[in-house]
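Reader: I would like to learn how to read a fold from its sheet outward, and then to look at the surroundings of a ligand. Could you take me through one example?

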Amino acid sequence: MKDLIVIKVGGNALDQLTSEFFEQLAAWRQAGKQILLVHGGGPMISKLCQKLNVPVTKTDGVRVTDEQTLALTKLVLLGQTQPLLLQKLSDHHLNVQGLNAASNYLLKGRYLDKAKYGQVGAITYVNQAALMAELKTKIGVLAPLALTESGEWLNVNADQAALAVASKLKAEKLYLLTDVAGVLANGKLVAKLSESRAAKLAQEGIITSGMFPKVKAALTAQRSGISQVFITNSLAKQGTQIESEE
Ligand SMILES: Nc1ncnc2c1ncn2[C@@H]1O[C@H](COP(=O)(O)OP(=O)(O)O)[C@@H](O)[C@H]1O
Ligand SMILES: CC(=O)N[C@@H](CCC(=O)OP(=O)(O)O)C(=O)O
């Protein structure tokens, strides 16, 4: 949808939001844009697990999520990080609405690989009509969780959730906000990143850890038709923009 901007706010980025961020959202709302924020909370989930002696296991950057981890994940996302972001937005006089998979079955998903990751999902369906109705008047703040057809909760990587929603709704722009200026190579920002350059940087061990699934999500988003995809730490800076192959 033209005029829809999807922004993923990672758990690390949540602590670093500057006044620029809120001013940009206000300016976009004034210009008639619809805005959906998909929030993370990974570091906070890991912290709570560690406090309660629940093992933290990640495979390919994905949290292996058993029943107990799922309960803590929901607790953190819906009880801690989402209210924190809503409060920050409200403090800046922005009109907001907290959203999750259970609000009008906004997001449905399927198991990614139950044997490997447990209760982890990939999004298969977005209730577009319900979501767009919410975004008409408010900035939506959506948790990265999905429900299966039979009503089981799934934990979804927040980059993947933002990508899925942005692709299904054909967003104009997708921002993956994180705690670094973009993809860095030898300390320098990579301003434009194509699929082949990304593959080379990954092979050289330059794109690693959390940046690896993020770049994969960004490339998939660009391929799905979202022309402006950015990995950045600020809405005022383009950071790394994904570009198509020559
Ligand atoms: N080439 C790279 N450029 C920038 N960051 C990288 C790179 N490779 C790995 N990283 C790491 O990826 C992190 C961002 O991923 P992650 O911590 O998962 O972010 P978020 O919580 O915002 O989703 C950076 O803080 C950095 O430590
Ligand atoms: C399946 C899976 O890995 N889910 C993520 C959801 C939160 C997230 O992605 O948060 P960040 O963006 O802050 O990392 C997790 O449990 O950490």
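Reader: How many strands does the open sheet have, and in what order do they stand?

Author: Before the order is read, one general idea helps: strands of a sheet pair through backbone hydrogen bonds, either parallel or antiparallel. In this structure, which is a predicted model, the open sheet has eight strands in the order S5-S8-S2-S1-S11-S15-S16-S14, and the pairing is mixed.

Reader: Which strands stand at the edges?

Author: The edges are taken by S5 and by strand S14 (192-193), and because each has a single partner strand, one side of each is left without a neighbour in the sheet.

Reader: Which helices pack on the sheet, and what do they touch?

Author: Helix H2 (residues 19-30) packs on the sheet where it touches strand S1 (4-9), S2 and S8, and its direction makes about 145 degrees with that of S2. Helix H4 (residues 67-91) also packs on the sheet, touching S1, S2, S5 and S8, with a direction at about 175 degrees to that of S5.

Reader: How is strand S8 joined to S2 and to S5?

Author: Bridges are what to look for here. S8 runs parallel to strand S2 (residues 34-39), with three bridges joining the two, and parallel to strand S5 (residues 96-99), with four bridges. Leucine 142 in S8 shows both pairings, since it is the bridge partner of valine 38 and also stands opposite leucine 99.

Reader: Which way do the residues of S8 point, and are they buried or exposed?

Author: Within S8 (residues 139-142), Ile139 and Val141 point one way while Gly140 and Leu142 point the other way, and all of them are buried.

Reader: Which residues surround ligand 1, and which helices supply them?

Author: A shell can be read by its closest members, by the elements that supply it and by its classes of residue. Ligand 1 is surrounded by 18 residues, the closest being Gly10, Thr178, Leu184, Gly210 and Met211. Helix H1 (11-14) and helix H9 (211-223) each supply at least two residues of this shell, and the largest share, three residues, comes from H1. By class, the shell has seven nonpolar, nine polar and two charged residues.

Reader: What does the UniProt record place on this chain?

Author: An unreviewed UniProt entry places the feature "domain: Aspartate/glutamate/uridylate kinase" at residues 4-233. In the model, that span is 43% helix and 25% strand, and its end C-alpha atoms lie 20 Å apart.

Conventions:
Residues numbered from 1 in each chain as written. Chains lettered and ligands numbered in written order. Predicted model: local features only at pLDDT ≥ 70, side-chain atom pairs only at ≥ 80, totals over all residues. Near = placed C-beta within 6 Å. Nonpolar A, V, L, I, M, F, W, Y, C, P; charged D, E, K, R; others polar. UniProt positions renumbered as here; feature names shortened; annotations may be inferred. Buried ≥ 20, exposed ≤ 12 C-beta atoms within 10 Å, placed from the backbone. Pairing = 2+ DSSP bridges. Contact = placed C-beta atoms within 7 Å. Axes fitted to C-alpha atoms, helices over the stretch in contact; angles between N-to-C directions.
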